[in-house]
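Here's a quick briefing to read with the model open beside you. Have a look at the fold, then work through the topics below.

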Amino acid sequence: MCPEIQLSMGASQWVGARQCVKDFATLNAKPGPVDDLENQSTTNPLASNPEKEKAKEVIDMPKAFYIDMGGFRVKPKDGDCFPVNGKEMYWLVKKGWVQQPLFKRSMVEDKNKVDPMLRVITLLQISYFLVGVIGRWAQHLFVTTAELTTASFIFCSVLSAGFWWHKPCDVVAPENIELDKTLDEIAKEAPLDRKWQLTPLDFVSRDEWWWSKVWWNYLNILRRIGICFGSEASDDGTIDRIADSVQRPLPRLQQYMMLAVTAGCFAIFFLAWDHAFPTPIERTIWRIVCILLMGTMGFGLAISEAAQAYEAVKKPMSDWSWRLSRAVPLTQQSERPKPTRFFRMARYPRAQQVMERIDRYCDGIRNNSRNGDPDLKLPLKIILPLYVLGFVYMFSRSYILIADAIGLRLQPPSAYSSVDWQKFWPHFG
């Protein structure tokens, strides 16, 4: 229903895998024979092999995807297993806590349930459909809104398939790694003011940006109404696998490219601006929905710029505030009155209670995570407009799907005609 969001997932995961390839390339890994490693122990796929200690593989995109999607889990001496992504695995290898991954052929290929041939067949089917739609348009045959909607989905899905071309699918059995370190030893490597939320190593790679915070906020709303999308976190917020719905930071250029693709996807719906809808009111609503969809993209661009400017100002200010608080003794900090977001009303205690309730409710909107994860907090000036934007987007998308279905009840005669492909071939004589 939302191919643009799927495209953003694919782009962010591709960027993460690409960075994983670059990180491991900095370790000067030399390609080593893979066939001779088939007899390596399966209990610890990263255990050092004395005979092949210097034989390190080059981490290519399929292996980087496998690592970054949580293909390996780490088990400390005094804790449970937790997944690691590409940055965390690189950090562990660079610290010398684990050996660089030595992949067997069966580690990735046998777990990948989608081979390249199946992807090629899917792309051929998609191409056949698009050629048919273009042929109908060239011969002035009626193209239904359902076909236009399918074409818009294909527009984003093909790009998503390109980003995920090297990604293994349905890898649900990660490899466990025994780590000869305790949780306290791992915690000593983290900054003093940071407490881990998802995994003990999230201080290495966790970098929540404005869209990932908004995305987590949306997902938490869905979870509260019983719709679980992605991996389900435990009550304390920790995870046991890396979800496919993760939204990693995108460079500014890639963000603009995603917006351009989204604009192209929405522009396809404008091709039905003068379509022969069953009733004039349906044509009018379709036009309004097309304008709303394009408007959400423009409004989203404005919010994106505002959110990134806010994040750019917030981080230096928070660092300065933290240093200032460290300079004040803890005894003096406890004696100082705690500020509130609303004016104190000494004469009106009941009004003060109401304002405090509103304050707590607003805090729940700013950060609706289970454990109050501080990395997922958003200002109301950002999240409230995005709630409105999300509602308008979902309403518009839902109406398009409904209009595709109810519009089939009355179609022009040319909608049932087939493309005469012989008219496209040149005739001689």
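**Cysteines**

Cysteine 20 sits at 1% relative accessibility, so it counts as buried (buried means under 20% relative accessible area, exposed over 50%, partly exposed in between, with a 1.4 Å probe and protein chains only). Cysteine 265 is in no disulfide, and the nearest cysteine sulfur, that of cysteine 156, is 3.9 Å away; a disulfide here is a pair of cysteine sulfur atoms within 2.5 Å. Cysteine 265 is buried too, with a relative accessible area of 0%. For the structure as a whole, the disulfide count is zero.

Before going further, note that this is a predicted model, in which local features need pLDDT of at least 70 and side-chain atom pairs count only at pLDDT 80 or more, while totals for chains, interfaces and linings use all residues. Residues are numbered from 1 along each chain as its sequence is written, and side-chain values use heavy atoms, with hydrogens and water left out.

**Overall picture**

- The protein has 14 helices and three strands; these are DSSP runs numbered from the N terminus, with helices being H or I of at least four residues and strands E of at least two.
- Of the 429 residues in the protein, 41% are buried.
- About 25000 Å² is exposed, and carbon and sulfur atoms supply 62% of that (areas come from the Shrake-Rupley method with a 1.4 Å probe; for residues, only the protein chains shown count as cover).
- Take the contacts between residues at least 6 apart in sequence: 78% of them join residues at least 24 apart, where contact means heavy atoms within 4.5 Å.

**The sheet**

- The three strands make an open sheet in the order β2-β1-β3, with mixed pairing; two strands pair if DSSP finds at least two bridges between them.
- β2 (82–84) and β3 stand at the edges with a single partner strand each, so one side of each has no neighbour in the sheet.
- From one strand to the next, the twist averages 40°.
- Helix α3 (residues 86–95) packs on this sheet and touches β1, β2 and β3, and its direction makes about 90° with that of β2. Axes are lines fitted to C-alpha atoms, for helices over the stretch in contact, and angles run from 0 to 180 degrees between N-to-C directions.
- β1 (residues 72–75) and β3 run parallel and are joined by four bridges.
- Across that pairing, phenylalanine 72 stands opposite glutamate 175, and valine 74 has isoleucine 177 as its bridge partner.
- Side chains alternate along β3 (residues 175–178): Glu175 and Ile177 point to one face and are buried, whereas Asn176 and Glu178 point to the other and are not.
- In a regular strand, side chains alternate between the two faces of the sheet.

**Helices α5 and α9**

- Helix α5 (residues 116–138) has 23 residues and reaches 33 Å from its first C-alpha to its last, close to the 33 Å expected at 1.5 Å a residue. The expected span is 1.5 Å times one less than the number of residues.
- The buried residues of α5 are Arg119, Ile126, Gly132, Val133, Gly135 and Arg136, and they pack against α6.
- Just after α5 comes histidine 140, with a positive phi of about 60°.
- The 15 residues of helix α9 (residues 210–224) should span 21 Å, and its end C-alpha atoms are indeed 21 Å apart.
- Buried residues of α9 include Trp210, Trp211, Trp215 and Arg223.
- Glycine 226 follows α9, and its phi is positive, near 95°.

**Three residues to click on**

- Threonine 149, in helix α6 (residues 145–163), is buried with a relative accessible area of 5%. Leaving aside neighbours within four places in sequence, threonine 149 is in contact with Phe269, Trp286, Ile400, Leu401 and Asp404.
- Phenylalanine 103 lies in the loop between α3 and α4 (105–108) and, at 1% relative accessibility, counts as buried. Its C-alpha is separated by 9.2 Å from that of isoleucine 59, 44 residues apart along the chain.
- Leucine 384, in helix α14 (residues 380–406), is partly exposed, with a relative accessible area of 39%. Leucine 384 and isoleucine 365 are 19 residues apart in sequence and 8.5 Å apart in space, C-alpha to C-alpha.
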